[in-house]
Amino acid sequence: MISTEIGYTTIDKITVREKDLAKDLLGQVDFVEMMLLVILGRMPDAREKKMINLLLVTACDHGLTPSALSARLTYLGAPEAMQAAVAAGLLGAGSVFLGTTQNCAELLANAARDLRSEDSDEAFLACARETIRNAREKKQPIYGVGHPIHVHGDPRVPTLATISRENGYFGKHWRLMYAIEQVFRDEMGKNLPMNAVGAVGSIIADMGLDPLLARGFMLVGRAAGLIGHLYEERQHPIGQQIWDVVLEQDSRNEIPQKRRDAK
Ligand SMILES: CC(C)(COP(=O)(O)OP(=O)(O)OC[C@H]1O[C@@H](n2cnc3c(N)ncnc32)[C@H](O)[C@@H]1OP(=O)(O)O)[C@@H](O)C(=O)NCCC(=O)NCCS
């Protein structure tokens, strides 16, 4: 039999995780509670809810990122299909930006398997050195450090660390991420501060959640942000200007100037 434990629908009732959607959930729960009920099969406690809210807010927007640009340029070509533009913006949530949260949570969960939260700083530094060495051997970056813009440190990280501490989710994965940053800085002379991906990966791993959800929550949060970009794109479009920047780099191309002259 083809079935799901998430729910079922009959002619006059919609059941989600054994609750009546119309009577038990609508008007009773907020979006984060509903999302976690569907994903985890249970209601979150207050601390979990606060942390997942935090992750969604973190993911929602970061300006004209590759995902916002992809969405806006897709909308330029297909304004009748907002869903295609949102999908385009989410497709790049990979191992370099946005979706990297999953790679980072996986990396931390594997690397910190034998560590305990109360272990010494030296134990964390030793694990950090080994993690960096393993990544180098595989010619992989360490997910969660480095940033093309926030080269002096990602302003989101201290706030995410503080809220994790306040809610009891500053554990061994956070400590390992900070140890990695320290080894890069103090022992390798590389300025590679922790970025928001490192913080989100630490939070997901310290909450004991499946790393896949680190990417999942980024997709949910960023989908909301992209809708903001597309709503603005409809009212004040910039997609054509972005394309014009590329056209203008080719001195043979007079189209952008001609379009401006015609206005
Ligand atoms: C985000 C990222 C793509 C920025 O890359 P970038 O702007 O090219 O980084 P930089 O030019 O500052 O890199 C400087 C040096 O550090 C290295 N470096 C940068 N990030 C690194 C990382 N995460 N792990 C290991 N080495 C890294 C680069 O290879 C480069 O080395 P080199 O001087 O020997 O060539 C890169 O840091 C990265 O891949 N980070 C991991 C993925 C991640 O966390 N993404 C989320 C970003 S919010």
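Which residues in α6 meet which residues in α9? The legends below take up this question and then turn to the ligand, and they describe a predicted model.

**View 1. The contact of helix α6 with helix α9.** On the side of α6, the residues that take part are C104, L108, A109 and A111, and they meet H173, L176, M177 and I180 in α9. Sorted by class, the residues of this contact comprise 7 nonpolar and 1 polar, with no charged residue among them.

**View 2. The crossing of the axes of α6 and α9.** Helix α6 covers residues 100-111 and helix α9 covers residues 172-187, and their axes come within 10 Å of each other while crossing at roughly 100 degrees. Because angles of 65 to 115 degrees count as roughly perpendicular, α6 is described as roughly perpendicular to α9.

**View 3. The residues that surround the ligand.** The ligand is surrounded by 16 residues, of which V96, I142, G144, V145 and N195 are the closest. Divided by class, this shell around the ligand holds 10 nonpolar, 5 polar and 1 charged residues.

**View 4. Polar atoms of V96, G144 and K190 and their distances to the ligand.** A nitrogen atom of the ligand lies 2.5 Å from a backbone N or O atom of V96, and a polar backbone atom of G144 is 2.8 Å from an oxygen atom of the ligand. From K190 a polar side-chain atom is placed 3.0 Å from an oxygen atom of the ligand. The ligand taken alone exposes 870 Å², and the protein buries 55% of that area.

Key: Residues numbered from 1 in each chain as written. Predicted model: local features only at pLDDT ≥ 70, side-chain atom pairs only at ≥ 80, totals over all residues. Heavy atoms only, no water. Axes fitted to C-alpha atoms, helices over the stretch in contact; angles between N-to-C directions. Helix = DSSP H or I, 4+ residues; strand = E, 2+ residues; numbered from the N terminus. Parallel < 35°, antiparallel > 145°, perpendicular 65-115°, else oblique. Contact = heavy atoms within 4.5 Å. Nonpolar A, V, L, I, M, F, W, Y, C, P; charged D, E, K, R; others polar. Near = heavy atom within 4 Å. Polar contact = N/O pair within 3.5 Å; in protein donor to acceptor, adjacent residues only side chain to side chain. Areas by Shrake-Rupley, 256 points an atom, 1.4 Å probe, with all protein chains shown as cover.
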